[in-house]
Amino acid sequence: MPDTRTKDTTELAGAAPARPAAPSMRPLESGRVASRPQRRLAAIQRGETPPCETHEEVLAERAELVLQGFGLYYGEVKALDSVTMAVPWGKVTALIGPSGCGKSTLVRSVNRINDLIDGVRYEGDILLEGRSIFDPKVDVIELRKRMGMIFQKPNPFPMSIYENVVYPLRIDGERNRARLDEACERALEGAALWDEAKDRLDQSALSLSGGQQQRLCIARALAGDPEVLLMDEPCSALDPIATGRIEELIESLKGRYTMLMVTHNMQQATRTSDYTAFMYLGRLVEYGPTWTIFSNPRLPETEDYVTGRFG
Amino acid sequence: MVDAPATRRGAPVPRRRRAGGATSLLATGEPMLWLTGGGMLISVAMIVGLLALVAYQGLATFWPRPIVRVETLSGDVLMGEVTRRDAYEPGEQAFHGLPVELAPAVRAVVKAEGGWDRRRLVRTGNFELTGEHFRWVSDFEIAPGGERQPEWALLFERRAWGRFYGEPRRFLVDGEAVATEPAAVWARFEEHHAPVRRRWAERRALEIDDVGEINHRLEAARLAQRTAELRQGPESRAFREAEARFAATETEVDEEFARIRERIEELDRENARYAIAVETSAGTEQELSLADIVRAYPANQLGALERAGVYLSRWWEFLSADPREANSEGGVFPAIFGTVVMTLLMALTVLPFGVLAALYLREYAKAGLLTSAVRIAVNNLAGVPSIVFGVFGLGFFCYIVGGQIDQLFYAAKLPSPTFGTGGILWASLTLALLTLPVVIVATEEALAAVPGSMREGSYACGASKWQTIRRIVLPRAMPGIMTGMILAMARGAGEVAPLMLVGAVKLAPELPVDGIFPFLHAERSFMHLGFHIFDLGFQSQNSEAAKPMVYTTTLLLISIIAFLNLAAIALRTRLRRRFVAAQF
């Protein structure tokens, strides 16, 4: 069979010689031509960094987290370029954009999990409550304790539900059973998992369903008493019902935590977030209140993306 | 992100299928099924075949067989157990032993059979009288009607000289015959044998435990004196005091020795009163002292149940007693003990070192040329012949490390070495070195298999690297690490060659663990089942008798390794249960 396939490919290539092997990073060269000129995106593709279209409403908020011309390299590859944005306190900020545009990288830079990857370099700065997180005096461990992180796939640890939730306290050396119990209950309540899990705290966390596992991970993040919650597509591995529960949960956490959420789901962004940032190839394109971004964005490129004309 | 369908660019090109493509042999996958299945079948057949051979031969060793009495044409009478039979082509000299007048007729008969005949190997025992343990008897040698199973043929297993076959004639107490009928003699024997054996066991316990304890005390006093001499000099007060203490101990010990010797002589005297007179098939009468007889039974009178009794009692002796007759008879308890203790010591040493090394290689070391070189070196270590490890163990552990330890702590005992020679500790360390690659490779695999998402989750909670390793990575990798330990134990327990250099001996006077402080004597040499197999198979004078024991010992060694592995697997299963996701 392999010989047949090779032949087919050659013939196909011969029939459409103009079509390049479409790399994922260069969507606009593909067949479905955008309806109007996307000059900004074309400029970005050429390697330029046009300034971000930031709405004034964002600047009016009290900023918890500020990125200043932040850039990141994986070895020689530039994954983020001059990202300047302020994440408002107590609100949900959604990051949208096509795959590979650096949303996850951005979120992972905020708690410096990217440090673990060999060959990562930063430029610019990120300020948490006015202090640089890259300051040599900053303890990375302490920094991460101020931020909870929820990943794409639920990643409960191979231990009991109870131990999972109190893990952030355990690593701080907390041994007081009463204090651990209290933290566990509070975190599970916060993650809307207490009613389902309270009778089976000793069971393995892996015995929970996928949606429960993700809420357990949220509970674990909450148990550490963070200021910022970083969510990297928290619902991408879940079914609609579990997604709905997580979204309700995010809604209920507003006002207490500053949340930065990556999502591919436009509806989710409109339902849950207060502000939305549109990213493209490592650059921030437009950043403003969710309602405006989705209904009346300033840039035609943003409109094309949120209405599904490309991406 | 849009991939333009090819249809927009031009006419669609129909994908052509090769005729019969879906039904070709390779597409259906049938040949691969047969290939893989066949491969598995061959592997299973080899393994099962080996195990079945060992199990069959090993389990049959202790089964009591009937005793046959054979009269040959040349007038010899033999009595014993038939151990095996085979067909062979007798050469011309095979007929030389026959009486001259019968030889041509026999030759003709054998020739009529195509020159082939059957023969049997008879274990005749009675080595001190005949000078042989076994004898081949060809079928043509046997006189007509010259083969029967005498009712009162007895088999004696003795402490020395191997087995004895004969028929009971008289039972002697203080040299006087108290019974002459076979049945009465046998009844007397059964009545007296158990008490005699009990006295003998008591005597042996005195000889080994009590005398051993006294010797130990005396040795301790002598060492104290020598230490004082070395440290303070022969003119010092400390030395004088130690000398006086040694002298006192010596007198004390002499008294105890005398007491024990007296008790031993008393037991010996009592035991020497009983003897049984047995007539061999050749008509010689031999007196056997009851104390020398380990076990006796009338082989041709036993029912199935009694046979099973003899069988089990032999197994029990095999598992629990010390060896005798240059290891070819008796038990292998010291070897079992040595094997298990050495394997456990090895596992205890190899596990922490292997896991630490693998942790560094996988978690801390930066990927680079040096790390790769170390990893390749570790893997190559697994290919080094085991005897090389033995040589290294002897040179490094025994002579250099052990020699230094002796210089520093056991100077009083020199020139006789304590740690400076082969011992169970050095053997364990040598084997730990040998099995280190197995543990390192398995642990590295297990660490690599821990999902990165779990590590990230832990780091995101603010855990440090070591906290992540200890709380998340290691528990998660534990089943894989256990697999490495199981493989290492299986490899180490079956290894023989390096042990010969670093401490395994044919006969160890003392077990490495006993009741004398400090209980685990890591410097002592030890017996090992693997070495025992080698010794039985290739170093035994009575190799024919040792052969079935080789199978039995092999069976035992395999069983012990299987048991150790099963224990480790059970532990691993318990650990693994925590990581099984019962999703939805």
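1. What share of the contacts in chain A with a separation of 6 or more is accounted for by residues 24 or more positions apart? In this predicted model, residues that stand 24 or more positions apart supply 71% of those contacts. The secondary structure of chain A consists of 14 helices and eleven strands, and of the 311 residues in this chain 44% are buried.

2. On confidence, chain A has a mean pLDDT of 83, and 88% of its residues reach 70 or more. Residues 1–35 of chain A need separate treatment, since over that stretch pLDDT stays under 50, although the model has 48 contacts beyond four places in sequence for it. Where pLDDT is low, the predicted coordinates should not be read in detail.

3. In chain B, attention may go to one helix pair, namely H11 (residues 424–448) and H13 (residues 465–493). Their axes come within 8 Å and cross at roughly 150°; an angle over 145 degrees counts as roughly antiparallel, and H11(B) and H13(B) are therefore described as roughly antiparallel to each other. The crossing in which H11(B) passes H13(B) is right-handed.

4. As to which residues make this contact, H11(B) contributes, among them, B:Leu431, B:Leu434, B:Val438, B:Ala442 and B:Glu445, while the contributors from H13(B) include B:Val473, B:Ala477, B:Gly480, B:Ile481, B:Leu487 and B:Arg491. Sorted by character, the residues of the contact between H11(B) and H13(B) comprise 13 nonpolar, six polar and two charged.

5. Two backbone values in chain A deserve a check, given that most residues other than glycine have a negative phi. A:Ser82, which is not a glycine, has a positive phi of about 45°, and this residue lies in strand E3 (residues 77–88) of chain A. Is A:Ser82 buried, partly exposed or exposed? A:Ser82 has 18 C-beta neighbours inside 10 Å and so counts as partly exposed, because the buried class begins at 20.

6. The second case is A:Glu129, a residue other than glycine whose phi is positive, near 50°. A:Glu129 is placed in the loop between strand E5 (120–128) and strand E6 (131–132) of chain A, whereas A:Ser82 lies within a strand, E3. With 13 C-beta neighbours inside 10 Å, A:Glu129 also counts as partly exposed, because the exposed class requires 12 or fewer.

Notes. Residues numbered from 1 in each chain as written. Chains lettered and ligands numbered in written order. Predicted model: local features only at pLDDT ≥ 70, side-chain atom pairs only at ≥ 80, totals over all residues. Helix = DSSP H or I, 4+ residues; strand = E, 2+ residues; numbered from the N terminus. Contact = placed C-beta atoms within 7 Å. pLDDT = per-residue confidence, 0-100. Axes fitted to C-alpha atoms, helices over the stretch in contact; angles between N-to-C directions. Parallel < 35°, antiparallel > 145°, perpendicular 65-115°, else oblique. Left-handed = near helix turned anticlockwise from the far one by under 90°. Nonpolar A, V, L, I, M, F, W, Y, C, P; charged D, E, K, R; others polar.
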